[in-house]
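Grab a pencil and work through these exercises with the model open beside you. Each one gives a task, then a solution in steps.

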Amino acid sequence: MLSTMQDAPLLISNMVRHGEWLYGDKKVFTVHADRVQEGTFFEISQRAEKLAKALAKLGVSDGDRVGTFMWNNQEHMEAYLAVPSMGAVLHTLNIRLFPEQLAFIINHADDKVIICDGSLIPLLAKVRDQLSNVQHIIVSGPGDRSLLGNTLDYEELLANEKPGITWPVFDERKAAAMCYTSGTTGDPKGAMNTHRNVVFATSVYKHWIGLDERDTILGLAPLFHVTGLIGHVTLAMLTGAPLSLFYRFDANEALRLAERHQATFTVSAITAFIALLNSDAMETRDLRSLTKVYTGGAPTPPGILSDWHARTGTRIQPMYGL
């Protein structure tokens, strides 16, 4: 006997719509060296729809892999929302890998399109002639595009599209995003998150930590690191919590932004918190709002835990790791 209750697959696109409709006026801030970029959840959702349409016109279809070679910024968030929602697979490329590892994972994943930040063009250019299956490279932001040969402009692609899309419905066990190890034991090895994985994990974060629209998320972890999905993009859309991102991580800027925006939640590897503790600005910033601070990936040294508590009045909660 089947239930008569409403039934729908757990898809990332549902969280996109949730954030767009319920929290459309909430904002994402991207701190650049010379400016702070702002975009509302509604605007970002609309741009994600246009990106999905543009990718479809480039031939990206069900199950195709789209790589991102980008810093933490609004455009990266738009790809996070658009690519899996359209049925393709997001492949976040680690910008700190050696060239031979980068080429290996792009070819192994069979990336069809890569969205590259303009400032990272020289890094991607080192392996461009080794990428036999990449059909298009989309560049976001200024940079010497001649190093990559023929490229497409991110903003021009979006400008040619109109918002409005019916996101496809498919099995929630479908792959949504993939990432690779750094190859410490042989070649890098890939793993994939399903839509179901992401929705469940985001929901667990929301309810276990107790996040809602009164919170503010400080995005310390790189979006290219283990896809950065949980605690950042999808969590913001699900809870309505504003999100602060750093184009390039800077400890002093992170502390300034945490104080200015009264950030309440952040999660990252312990190296980020070591950088914050070593920052010159650590002694002058009021971080008492950061009451939900979590680490993962490796055990947190007891000295770091006690030092953080002594200097901020809040506590770091080790969450997971080997």
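**Exercise 1. Find which residues of the largest nonpolar core touch the most other members, and which helix gives the most to this core.**

Step 1: get the terms straight. A nonpolar core is a set of buried Ala, Val, Leu, Ile, Met, Phe, Trp, Tyr and Cys residues joined through side-chain atoms within 4.5 Å. Buried means under 20% relative accessible area, exposed is over 50%, and partly exposed is in between (1.4 Å probe, protein chains only).

Step 2: know your input. This is a predicted model, where local features need pLDDT of at least 70 and side-chain atom pairs count only at pLDDT 80 or more, while totals for chains, interfaces and linings use all residues. Residues are numbered from 1 along each chain as its sequence is written, and side-chain values use heavy atoms, with hydrogens and water left out.

Step 3: pick out the hubs. The largest core has 52 residues, and Leu-51, Leu-55, Met-77, Leu-81, Ile-115, Ile-138 and Phe-265 touch the most other members.

Step 4: find the main contributor. Helix H2 (residues 41–57) gives seven residues, the most to this core. Helices (H or I, at least four residues) and strands (E, at least two) are DSSP runs, numbered from the N terminus.

Step 5: look for a second core. Another one, of 27 residues, lies apart from the first and includes Leu-93, Leu-124, Val-134 and Leu-148. As background, nonpolar side chains tend to be buried together in soluble globular proteins.

**Exercise 2. Check the span of H2 against 1.5 Å a residue, and decide how enclosed H2 is.**

Step 1: the expected span of a helix is 1.5 Å times one less than its number of residues. For the 17 residues of H2 that comes to 24 Å, and the end C-alpha atoms are 25 Å apart, which agrees.

Step 2: 12 of the 17 residues are buried, so H2 is largely enclosed by the rest of the structure. Among the buried ones are Phe-41, Ile-44, Ala-48, Leu-51 and Leu-55, but also Arg-47, Glu-49 and Lys-50.

Step 3: move just past the end of H2, and you'll meet Gly-59 with a positive phi of about 100 degrees.

**Exercise 3. Work out what Leu-81, Val-83 and Ile-106 touch.**

Step 1: contact means heavy atoms within 4.5 Å, and for Leu-81 we skip neighbours within four places in sequence. That leaves Val-16, Ile-44, Ala-48, Val-233 and Met-237.

Step 2: Val-83 sits in helix H3 and is buried, at 0% relative accessible area. Not counting residues up to four places away, Val-83 touches Leu-55, Val-66, Ala-88, Val-89 and Leu-90.

Step 3: Ile-106 lies in helix H4 (residues 99–109) and is buried too, at 1%. With residues up to four places away left out, Ile-106 has Leu-93, Asp-111, Ile-114, Leu-124, Leu-131 and Val-134 as its contacts.

**Exercise 4. Trace the order of the seven-stranded sheet and name its edge strands.**

Step 1: two strands pair if DSSP finds at least two bridges between them. The sheet is open, with mixed pairing, in the order S7-S6-S5-S3-S4-S8-S9.

Step 2: S7 (152–153) and S9 (190–194) each pair on one side only, making them the edge strands.

Step 3: check some pairings. S5 (residues 111–117) and S6 (residues 136–140) run parallel, joined by five bridges, with Val-113 partnered by His-136. S4 and S8 also run parallel, through two bridges, and His-91 stands opposite Met-178 in S8. S8 and S9 are antiparallel, with five bridges; here Met-178 stands opposite Met-192.

Step 4: six of the six residues of S8 are buried, so S8 is largely enclosed by the rest of the structure.

**Exercise 5. Classify the ring pairs Trp-208 with Tyr-294 and Phe-246 with Phe-249.**

Step 1: rings of Phe, Tyr and Trp (its six-membered ring) pair if their centres lie within 6.5 Å; planes under 30 degrees apart count as stacked, over 60 as edge-to-face and the rest as tilted. By this rule there are six aromatic pairs.

Step 2: Trp-208 and Tyr-294 are 5.6 Å apart centre to centre, with 50 degrees between the planes, giving a tilted pair. The two are 86 residues apart, with Trp-208 in helix H7 (residues 195–210) and Tyr-294 in strand S13 (residues 292–297).

Step 3: Phe-246 and Phe-249 have centres 6.4 Å apart and planes at 80 degrees, so this pair is edge-to-face.
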